[in-house]
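Here's a quick tour for anyone meeting this structure for the first time. Take a look at the sequence and the model, then read on.

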Amino acid sequence: MHELACPTCGTSAQYDFKNYLMICPFCSETFKHNVETGEKDPYLDHYIIPNTMAPKAVRDMTLEWLKRLHHNPKMVDKEYVVASVEGLSLPFWAISLEAHTHWTGLAQRRTRIQDHGIGSDFLNESGKFRRTYRWGVNARHNICELWGIARMHEPKEKVLVNWDGFPLDSTFSRGHIEKPQTDRSAYDAKESFEFKFANGLPISGIQVDEETAIRRASQHVDHYHHQIAGLYVDFLVDCRTEVEIAGIQLIHLPFWHVTYYYRPQTALRHFYKPAVKHVLIEGYSSGVLHGELALTRTDKVGVNAIVTGVAAVFLFLLGAIWHPAFFLVAIFSGVISAASLYMSAVKSKVPQMAHSAVDSATDSGGILEARRVEIV
Ligand SMILES: [Zn+2]
């Protein structure tokens, strides 16, 4: 930490020179500091999306979200315990860009042409598309600092997301469990950066520079468009994306991270080990960006292993004292138990992560499974 005087209000404060930009704790001025020359340049394009939530509201909203997903909403207050609520205002570079993609590829014919060789089954296809984004790139070195923020993009196309950037507008307008009170988008509600708009959330420092952010955004969009192009054809031969940068701004975004436990009241509680689950909420219009469900398929398979295992032992005893036919059923039950145990052991090595919003109740899609693996 080093002491510096703010170029605007002149007040001295301690600053971490590892940060790319400094923020004055007194007047909220953002400035770039050249360590060698001592020069200080105000940075004007720094905004903040106000946090509108308090910890209690976040907690209540998480329980409400669980109620919407639970088959018996009345049980939620008894069975779910919110363990922690933590808020953070994180810096993101918002890069306005336009991406033009040209692609060529081969699409298989519906009907086969006989005797013309394997290659004749395919048609040459080509196309182009253009999209504009306000692309968000994390301005922290550790993109996994907060649970769920490294995979924020949930495209409408069936593609595998392996980038951390995301379109700001569609991301910060998803996952609402109730209609937001305001029609203003999160981006439109941004204010020039001042600490007061965080409404109590800690503000994280800016570590990544614009040049890196623009390069990363271009790579993310290039990957994304490459995958979209791949959906048009069976074999993508060539794909070229040109990215035009229209502008860049720095925006602090409000997040809330909630952890909760599930303690079943039914007979399930004897088999189910409560595990901590996570939910990520945006603090402007209260959308659930990501949410983990308490009872996942892995848990159910684990419970199945125990139940069938107990049954196998019981049936084996019946076979010994009553009729040998029970041995056969015992063996069958034992095999199912062993298989379930194996499946739940394999699955539980991979962190569980469900999509946000209500549709996460039925998650089991192939894409989601693959995405889980990516996170490891
Ligand atoms: Zn100042």
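## Before we start

One bit of vocabulary helps first: strands are DSSP runs of E that are at least two residues long, and they're numbered from the N terminus. Two of them pair if DSSP finds at least two bridges between them. Keep in mind, too, that this is a predicted model.

## The sheet

So what order do the strands of the open sheet take? There are three strands, arranged S3-S4-S5, and the pairing is antiparallel. S3 and S5 sit at the edges, each pairing on one side only.

Start with S3 and S4. S3 covers residues 22-23 and S4 covers residues 30-33, with two bridges joining the antiparallel pair. In one of these, Met 22 has Phe 31 in S4 as its bridge partner. Together S3 and S4 make a hairpin with six residues between them, and in that turn Ser 28 has a positive phi of about 65 degrees.

Next come S4 and S5. S5 takes in residues 40-42, and three bridges hook S4 up to S5, again running antiparallel. Look for His 33 here: its bridge partner in S5 is Lys 40. This is another hairpin with six residues between its strands, and Gly 38 in the turn has a positive phi of about 80 degrees.

## The zinc site

Which residues hold the zinc ion? They're Cys 6, Cys 9, Cys 24 and Cys 27, each using its SG atom, at 2.2 to 2.3 Å. Along the sequence, these donor residues follow the spacing C-x2-C-x14-C-x2-C. The four donor atoms make angles of 106 to 112 degrees, and the site is tetrahedral.

Two of the donors, Cys 9 and Cys 24, link distant parts of the chain, 15 residues apart. Cys 9 lies in the loop between strand S1 (2-5) and strand S2 (12-15), while Cys 24 lies in the loop between S3 and S4.

## Buried or exposed?

How do those two cysteines compare in accessibility? Cys 24 counts as buried because its relative accessibility is 0%, and buried means under 20%. Cys 9 comes in at 35%, so it's partly exposed.

Methods: Residues numbered from 1 in each chain as written. Predicted model: local features only at pLDDT ≥ 70, side-chain atom pairs only at ≥ 80, totals over all residues. Heavy atoms only, no water. Helix = DSSP H or I, 4+ residues; strand = E, 2+ residues; numbered from the N terminus. Donors = N, O, S within 2.8 Å, 3.2 Å for Na, K, Ca; no water. Tetrahedral: all angles 85-135°; square planar, octahedral: opposite > 155°, others 65-115°. Buried < 20%, exposed > 50% of the residue type's maximum accessible area, 1.4 Å probe, protein only.
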